[in-house]
Amino acid sequence: MTIGIGVIVFLVSIGYGLQQLVISRVARLEEMRQFDVSPQIEGKVTIDDKTLSDMKDIVSIESAMPLISVVGRVNYNNAVSDMVAYGVTSEYLKQSAIQPVRGAIFESDVISFDRSVAPNRTEGSVDAGSIMAFNEKIRDADFSIGASAWVRVREAPQLNSKLIGYTKGIGQGGEYWGDSYDSTDGAGTAGTAEDGTELGKWMKADVLLWEEKLCDTATQGDCEGGKHMVLRDEQGEQTRSVGYFAEIGMDVSVSGDMQTTVREGYADAMHLNSDWVTLNSESDVDVSHGTVAVELATEARRQAVVNRSALKILGVEERDAVGKSFSVSFIVVGELLSSPEQKIESVPAEYVIVGVTPDEGSPSFYVPFIDLRSLGIMNYSQIKAVARDQTSLPDARKNVEAMGYVTRSVADTVAQINSLFATVRTALVVLGMMALAISALGMFNTLTVSLLERTREVGLMKAMGMKSFEVRELFLTESLIMGIFGGIFGLLSGYLLGKIVGFTLSLLSMFSGLGYIEVSFIPFTFACAIMILSFFVGFVTGIYPAKRSTRISALDALRYE
């Protein structure tokens, strides 16, 4: 019994130990309640602010953290390299257990702008909290619409006002308060009316007008960019009219002093009543296929946590990396913007390395989420959601998948590992049961032979008055004692043998620089199952000898030689 039980315990403990070892390398305990959310391939549902808000409202979800993935064009010592740049919050890094081996992670959990104050203020701007009036003039200003951009011109500074045409180019006019709209620099929500309504800055100017219309060969002379036709009056002259347009996709400055800050509207395309900017190239080809240069907002932290692979690409020693700076421009494609055909590249900015991670995979680095958000990014690449506990994880994933998204979790990998090792343990148990069966057969033979050798003893006990059931109980008790103690000693021997094997492998592992490893583990429930099995085997093997002992005649037994 000791040998049979010991073999089972040893083999199964190795199976449990290897399972725990693999799982500990794959996932942390905290990750077992986390899952990643991403849009479906070729799907129409995107991940945006509303998605993030909806997920946080799900009862089974404790928190949700967005991630933006873009291409970072890094310039260091005049050597240019492209690598992956991730825009994340500090909480995202902490939940992902990204621990720098040098320096530290940046501290920034901001995911949206404080739009109560417009950044980069110039003369004519107003302080937060000031009360403005709709259609009130702010100042005289110059404007310069991007060379490849079109803006909508309306009769009034309202998003639902009549559209009178499109315009482009540069000019002079006045800056007025009107309907609010989304913009990265806060111009769309820079003011507040007396009733608390947010107001945005609009330009009012006398401009030439075009209409949005597909061109044909007959009107090719009046066509620009394949989409815009010159709007003409009754005399055949190009129409000029005074109108209002939101400060999107243009430079605006105090009259006579043109600035270089680009206001790139990014949330307008999400709403049907927004003033969208259609981009075209100088050669009249749709610029949505080209690249728009955008500056980082003043809120950008300009800090980076890089991995070892990135340092190798840059040629920077790890011990000297923290505090070094590099120039980077971020390239954002349409999937993250309001238009799938749009492309943005940020103006190169200096980033300081604040931490180095041990990752030696693909070269990449992390920057504060707000830095990439300031480029006009509306959609997220991914969201990391955290369920309230492991039992809530399936329910949380089910709710998110019902919204049209795809979820992935390390729990899926762990489930596959558990399934694999369950099969392995089954095979090991079968091998162990073969050894146990042999042991049980030996125990049965031992009890049977013992009964034959003690026939006279049985007869004497019966002659002295012992009842048949008492003789049966005697042999059953002996069988149970053999089974239980065989189980105890087998459990101890299997445990010790597993520890010896683990210690031997750990010595080899430590010599290889991998540290101590544990390959043997016995769960409490398995130990209890072994004791129950030992009791059962002892009882079954003792039934026949005990029953046979009751059929022995006292007279025949005394004559037995």
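Colleague: Which residues lie nearest the centre of the second largest pocket, and how many residues line that pocket?

Modeller: The model is a predicted one. In it, Glu31, Asp36, Tyr92, Gln382 and Lys384 lie nearest the centre of the second largest pocket, and the lining comprises 15 residues. The space in this pocket is about 290 Å³.

Colleague: Which strands supply at least two residues of the lining of the second largest pocket?

Modeller: Strand 1 (34-39) and strand 24 (382-387) each do so. Strand 1 provides the largest share, namely 3 residues. By class, the lining has 7 nonpolar, 4 polar and 4 charged residues.

Colleague: How much space lies in the largest pocket, and which residues are the closest to its centre?

Modeller: The largest pocket holds about 540 Å³ of space. Its lining consists of 25 residues, and those closest to the centre are Thr46, Gly334, Glu335, Leu336 and Asn379. Two or more lining residues come from each of strand 2 (61-76) and strand 20 (325-332). Strand 2 gives the most, with 3 residues.

Colleague: How do the residues of the lining of the largest pocket divide by class?

Modeller: They divide into 14 nonpolar, 8 polar and 3 charged residues.

Colleague: What makes the contact of Lys137 and Asp140 a salt bridge?

Modeller: The N to O distance between the two side chains is 2.5 Å. A salt bridge requires a side-chain nitrogen of Lys or Arg within 4 Å of a carboxyl oxygen of Asp or Glu, so the pair of Lys137 and Asp140 qualifies. In general, side chains of opposite charge can pair when their charged atoms come close. The structure holds 13 salt bridges.

Colleague: Why is Lys137 called partly exposed?

Modeller: The relative accessibility of Lys137 is 40%. Partly exposed covers the range between the 20% and 50% limits, so Lys137 belongs there. Asp140, with a relative accessible area of 44%, is partly exposed for that reason too.

Colleague: How do you know that Arg319 and Glu317 meet in a salt bridge?

Modeller: Their side chains are 3.7 Å apart, N to O. The cut-off is within 4 Å, so the pair is counted.

Colleague: Why does Arg319 count as exposed?

Modeller: Exposed means over 50%, and the relative accessibility of Arg319 is 60%, so the term applies. Glu317 has 46%, which is in between the limits, and therefore counts as partly exposed.

Colleague: How far apart are the closest N and O atoms of Arg397 and Asp412?

Modeller: They are 2.8 Å apart, and the two residues form a salt bridge. The pair links distant parts of the chain, with Arg397 in helix 7 (residues 393-402) and Asp412 in helix 8 (residues 410-453), 15 residues apart.

Colleague: Why does Arg397 count as buried?

Modeller: Buried means under 20%, and Arg397 has a relative accessibility of 13%, so Arg397 is buried. Its partner Asp412 has 33% and is therefore partly exposed. Elsewhere, salt bridges that share partners join Arg102, Arg308, Glu318 and Glu360 into one network.

Colleague: Which residues make the nonpolar surface patch of about 460 Å²?

Modeller: The patch is made by Ile481, Phe485, Ile488, Phe489 and Leu492. Of these, Ile481 is placed in helix 10 (residues 468-511).

Colleague: What makes Ile481 partly exposed?

Modeller: Its relative accessible area is 44%, which is in between the 20% and 50% limits, so Ile481 is partly exposed. A patch residue needs over 30%, so Ile481 also meets that condition.

Colleague: Why is Ile68 called buried?

Modeller: Ile68 has a relative accessible area of 0%, under the 20% limit, so Ile68 is buried. Ile68 belongs to strand 2. Its C-alpha atom is separated by 8.8 Å from that of Ile383, which is 315 residues apart along the chain.

Colleague: Where does Met433 lie, and how far apart in space are Met433 and Val7?

Modeller: Met433 lies in helix 8. Met433 and Val7 are 8.6 Å apart, C-alpha to C-alpha, with their positions 426 residues apart in sequence. At 34%, in between the 20% and 50% limits, Met433 is therefore partly exposed.

Colleague: Why does Lys343 count as partly exposed?

Modeller: Its relative accessibility is 31%, which is in between 20% and 50%, so Lys343 is partly exposed. Lys343 lies in the loop between strand 20 and strand 21 (344-346). Lys343 and Val332 are 11 residues apart in sequence and 5.7 Å apart in space, C-alpha to C-alpha.

Conventions
Residues are numbered from 1 along each chain as its sequence is written. This is a predicted model: local features need pLDDT of at least 70, side-chain atom pairs count only at pLDDT 80 or more; totals for chains, interfaces and linings use all residues. Side-chain values use heavy atoms; hydrogens and water are left out. On a 1 Å grid over the protein atoms alone, a cavity is a set of points where a 1.4 Å probe fits but cannot get out, and a pocket is an open set with protein on both sides within 12 Å along at least five of seven lines; lining residues have an atom within 4 Å of a point. Grid points are joined across faces, edges and corners, and a volume is the space filled by probe spheres set on the points. Helices (H or I, at least four residues) and strands (E, at least two) are DSSP runs, numbered from the N terminus. Ala, Val, Leu, Ile, Met, Phe, Trp, Tyr, Cys and Pro count as nonpolar, Asp, Glu, Lys and Arg as charged, and the others, Gly among them, as polar. Buried means under 20% relative accessible area, exposed over 50%, partly exposed in between (1.4 Å probe, protein chains only). Patches are made of residues with over 30% relative accessible area and no salt bridge: like charges are joined within 9 Å, nonpolar side chains (Val, Leu, Ile, Met, Phe, Trp, Tyr) within 5 Å. Accessible areas come from the Shrake-Rupley method with a 1.4 Å probe; for residues, only the protein chains shown count as cover.
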